[in-house]
Amino acid sequence: MKFASVTPKKDAFENALEHIIRELPQSIQWSNDGHWICFRPEELRLPAQGWKIHLSVIPVEGAELLRRIAPVLTENDVQWKVVSSGLKLIETSNGSIPLPQTGKCVTIYARDEEQFLKLLELMHSCTSDLKGPAIPTDRAYLGSQCVFYRYGAFTDRFYHDRYSGAKVYAIQNPEGMLEEDRRTPGRYKPEWVNEPEELLRIQAMEKNQAASRHSDSNNNEFGIRNIRVRRVLKKSGKGGVFLISGTSYEQAVMKEAVYRMRVDGGGRSAHNYLDNEYRVLDLMKDTGLPQGRLICLVLKITAI
């Protein structure tokens, strides 16, 4: 019996990666470690740490993202890396990887502050209509749904914890000592790093404009219902489960779904699936099942 050899079919994202590699100038080297494909200009020398730009995108827009950014990054002699396959791209936005890596499909290294500001604007301009899940460890640029940034290590600098012996990725502080390169939600830079003044000004303008667009406090369901989070039961890149209390109940479970996380081929995300769960529970509210009525009430807050 004869068996035909089967060649795995490449998706649009992987075809885009192959095109980039074929068109690379000789002055740019590339490598593949199995998870990341890295592009580095031969003459480029980067510092050990600094400002990094991360790009986030839903899988169906991954190939288009590469088509737009690759020529810009090549032209500006930038070192950058991208996940090495369509499957890896899906993993960045399905909640299955550690929170510090959630949403990160492209990393761009700026050699100095001037280039960092320039690249932020270039990436924002060429990805303005693209979108991806929020990156918890980063700050969004101008409210972008694709472009984020943080300060951190460029190289694998680390030390071992004195108690557990675990490897700790590190950056060097102004005193010349190594400290943990903390990749936790909301902390996009160490306290001793100053954000560029021009960037602070731009971000402040965007924050004021966003506040004026969302000034209606009547939509604050948490405030209206006096909801308080008592305990985090589960938390991942795609959302969380929390124990809460409110005006009408002493204890309830609330589910959270992160927008644009776990987007499938039909464009449905974790947000849509949670909304569907709410609608099912809403249909059960008159069945006499108290848990159905209770959870339905709470889910509506995060599902709308």
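Modeller: Before you start: buried means under 20% relative accessible area, exposed means over 50%, and partly exposed is anything in between (1.4 Å probe, protein chains only). The model is predicted, so to speak of local features we need pLDDT of at least 70, and side-chain atom pairs count only at pLDDT 80 or more, while totals for chains, interfaces and linings use all residues. Residues are numbered from 1 along each chain as its sequence is written, and side-chain values use heavy atoms, with hydrogens and water left out.

Colleague: Fine, let's talk charges. How many salt bridges does the count come to?

Modeller: The rule asks for a side-chain nitrogen of Lys or Arg within 4 Å of a carboxyl oxygen of Asp or Glu. In general, side chains of opposite charge can pair when their charged atoms come close. Here, the number of salt bridges is 10.

Colleague: Take Lys131. Which residue does its side chain meet in a salt bridge?

Modeller: The N to O distance is 3.2 Å, and the partner is Glu61. Lys131 sits in the loop between H4 and strand E6 (139–140) and Glu61 in the loop between strand E3 (49–55) and helix H2 (62–75), so the contact ties together parts that are 70 residues apart in sequence. For the labels, helices (H or I, at least four residues) and strands (E, at least two) are DSSP runs, numbered from the N terminus. So, with Lys131 named at the start, the residue across from its side chain is Glu61.

Colleague: Within that pair, is Glu61 buried or exposed?

Modeller: Lys131 has a relative accessible area of 30%, so that end is partly exposed. Glu61 comes out at 15%, which puts it in the class called buried.

Colleague: Which residue forms a salt bridge with Asp138?

Modeller: The closest N and O atoms are 4.0 Å apart, and the partner of Asp138 is Arg150. Arg150 lies in strand E7 (residues 147–153) and Asp138 in the loop between H4 and E6, so parts 12 residues apart in sequence get tied together. Asp138 counts as buried at 10% relative accessibility. The partner, at 1% and also counted as buried, is Arg150.

Colleague: And how many residues of E7 are buried?

Modeller: Arg150, which belongs to E7, counts as buried at 1%. The strand is mostly covered, and its buried residues number seven of seven.

Colleague: Which residue does Glu195 pair with in a salt bridge?

Modeller: The closest N and O atoms are 3.1 Å apart in the bridge between Glu195 and Arg139. Distant parts of the chain are linked here, 56 residues apart: Glu195 in the loop between strand E10 (178–180) and helix H5 (197–213), and Arg139 in strand E6. Glu195 is buried at 6%. At 24%, the partly exposed partner is Arg139.

Colleague: Which residues do salt bridges that share partners join into one network?

Modeller: This one goes beyond isolated pairs. The members of the network are Glu64, Arg67, Arg68 and Asp129.

Colleague: On to strands. How many bridges join E3 to E7?

Modeller: Two strands pair if DSSP finds at least two bridges between them. In E3 and E7, Gly50 has Gly152 of E7 as its bridge partner. The two strands run antiparallel, and the bridges joining them number seven.

Colleague: Which residue in E7 stands opposite Arg139?

Modeller: E6 and E7 pair in the antiparallel sense over two bridges. In E7, the residue facing Arg139 is Tyr149.

Colleague: Which residue takes a positive phi in the hairpin of E6 and E7?

Modeller: Most residues other than glycine have a negative phi. The hairpin has six residues between its strands, and a phi near 50° turns up at Leu142. With a relative accessible area of 22%, the partly exposed residue in question is Leu142.

Colleague: Where is Asp77 found?

Modeller: Asp77 also has a positive phi, near 50°. At 40% relative accessibility it counts as partly exposed. Its place is the loop between H2 and strand E4 (79–83).

Colleague: Last one: how many bridges pair E2 with E4?

Modeller: Five of the six residues of strand E2 (residues 36–41) are buried, so it is largely enclosed by the rest of the structure. Strand E1 (residues 28–32) pairs with E2 in the antiparallel sense over five bridges, and Ser31 has Cys38 as its partner in E2. Towards E4, Ile37 stands opposite Val82. E2 and E4 are antiparallel, and their bridges number four.
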